[in-house]
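Reader: Could you walk me through this model in a few questions and answers?

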Amino acid sequence: MNPLIIARKEIHQAVRNRWVLASTLLLAGLALSLTFLGSAPTGTVGVRALDVVIVSLSSLTIFLIPLIALLISHDAIVGDMERGTMLLLLSYPVARWQVLLGKFIGHLAVLAFATCLGYGIAAAALVATGSPIGSDSLVAFAAMIGSSVLLGAVFVAIGYLVSALVRDRGTAAGVCIGLWLLLVLIYDMALLGILAVDQGRNISAAAVDAMLLLNPTDVYRLFNLTGFANVSSFAGMAGLAQTTLLSGQVLLIALLFWTVVPLGAAALAFSRREL
Amino acid sequence: MSSTVRIADVTKHYGHVKAVRDTSFELGEGELVALIGHNGAGKTTLMKLMLGLIRPTAGSIEVLGDNPAAGEFGGRRQLGYLPENVSLDAALSGRETQAFYARLKRENVPKALALLDTVGLGAAARRRVGTYSKGMRQRLGLAQALIGHPKVLLLDEPTTGLDPELRQTFYDVIERLAAEGTTVLLSSHALTELEERASRVIIMNRGVKVADGSIEQLRNIARLPTRIQLKVAGLTPGELPSWLPAGAPCRRLNGHLIEIDAAPERKLELLHLATSLGTSVEDVDVLPPTLDQLYAHFLRHAEQTA
């Protein structure tokens, strides 16, 4: 199992380089501060403390997880080529797609570990402080963690695609920062601007749905903020939740699509490269 | 003898740069082949082509039954490669690196780890590769190339950065492998080292193969003179021995030494004259053309015909 051998080495390296520790601490720290500072406005009567945490944490995830994922992945191919380690690895009996898949499994495992542990600590802390938590909230929280990992997978795959296409590491980093800005900030602002100008005259609800599907961070946002009734009322998204035609399933498939397509394109670009 | 590597009419262009042009050769089992040429002559390009890291512009390549350009890699389990300036992941230790590569080749990990002692990495094997000196990285690079029982070894400048003692060990190891049937292709600038060991020499110049054969064959082709050094007693300065045929190119090196350039067919005749009765020759050294001189000759020849 070549991909697993490579995945194991990537995880080993990530542990050594303190990537695992750093990203876990970062996510846990932010999740904990949001959990306790974030509940200040709702006061101690917050019977739905975990739902509030889901809203604030998923908004944070949209910024942070793509950034961490791109940081890990942007130099996976072009960086190893520049350092020269790819030259030796490819002289071994492995196919290039196996190298890519192995790295993907490894990097995603690191990200999944950091997310589950970091966010899990926040939920555990809420339970420990005696907040009552309903089972529907727990389901929504678990779905939030799962979809956060999936969002990470999307951006790891996008990072590989950039890494497989560009000539040097600096360019890869630049392009990834640009993509991050575009998908996390600019796209939504532009969309909001268009919708505000249009006032609902020309753009139908279906068109809005389509535009949301074109950005993986919006898919993630919709999934977490509208997917669960208990959460959407806090998120101020109840209105959108009623008009959107996109079910949770469709949104998950969209995220999977956003992972598989860039990953496949990265494998194709990598297989054509010369070292 | 069956071929393990076949290169047929291979050409590789990088944009306008013609790195390799119309080169063909076959390497057989048990051959220890020296690939020599100046920087940029196409040595590394040839190795990369054999590994499928790059695809030929024209021509075909076969390595252990695979076509590397088509992404076939089954045979690579039996192939060892040491790149020029080997780089390894800095965060892992020598042992971890070696174990990783052994797993990729489906080889026994403890056996692969024992190779670390063979190359003299020993105690340093538990340290991170990031802390290694150039020589230690080179040792680890060699150790990974030797994993398993390679049928083909491609070594790009393997002895740079190795101390003389390890060089000896290294040549012992690859000579043993070659004796057991491994094809060893090694490129190097250390021509004197290769001279005694290579069973065959391929000389590249600007991407073109200019010579290919055993050192003896190359000497025959090149027809370079053998140098005969004579220690002669009782010669006055400027005087040459009377038995020396007129027109034989020779020079005085110092008070006692005379050096004669002997064409291959006149070598025995001259030696005979020098050692016959009545001459005052005290000592004789016969120096056949070295690989350095052969190399220089073939390059000059290639440049003139180009």
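Author: Happy to; here are some questions about chain B, helix α1 and the side that touches chain A.

Reader: How many helices and strands are there in chain B?

Author: Keep in mind that this is a predicted model. The C-alpha trace of chain B spans about 70 × 45 × 35 Å along its principal axes. Within chain B there are 9 helices and 13 strands.

Reader: What percentage of the residues of chain B count as buried?

Author: A residue is buried here if 20 or more other C-beta atoms lie within 10 Å of its own. Chain B has 306 residues, and the buried share is 39%.

Reader: Is helix α1 of chain B largely enclosed or not, and how many of its residues are buried?

Author: Helix α1 of chain B covers residues 43-51. Among its buried residues are Lys43(B), Leu46(B), Met47(B) and Leu51(B). The helix is largely enclosed by the rest of the structure, because the buried residues number 8 of the 9.

Reader: Which residue follows α1(B), and what is its phi?

Author: Just after α1(B) comes Gly52(B). The phi of Gly52(B) is positive, near 75°.

Reader: Which helix supplies the largest share of the side of chain B that touches chain A?

Author: In the pairing of the chains, 25 residues of chain B are in contact with 20 residues of chain A. Both α1 and α2 (94-104) of chain B supply at least two residues of that side. The largest share is 5 residues, and it comes from α2(B).

Reader: How do the residues of that side divide into nonpolar, polar and charged?

Author: The side in question is the one of chain B that touches chain A. Its residues divide into 13 nonpolar, 4 polar and 8 charged.

Methods: Residues numbered from 1 in each chain as written. Chains lettered and ligands numbered in written order. Predicted model: local features only at pLDDT ≥ 70, side-chain atom pairs only at ≥ 80, totals over all residues. Helix = DSSP H or I, 4+ residues; strand = E, 2+ residues; numbered from the N terminus. Buried ≥ 20, exposed ≤ 12 C-beta atoms within 10 Å, placed from the backbone. Contact = placed C-beta atoms within 7 Å. Nonpolar A, V, L, I, M, F, W, Y, C, P; charged D, E, K, R; others polar.
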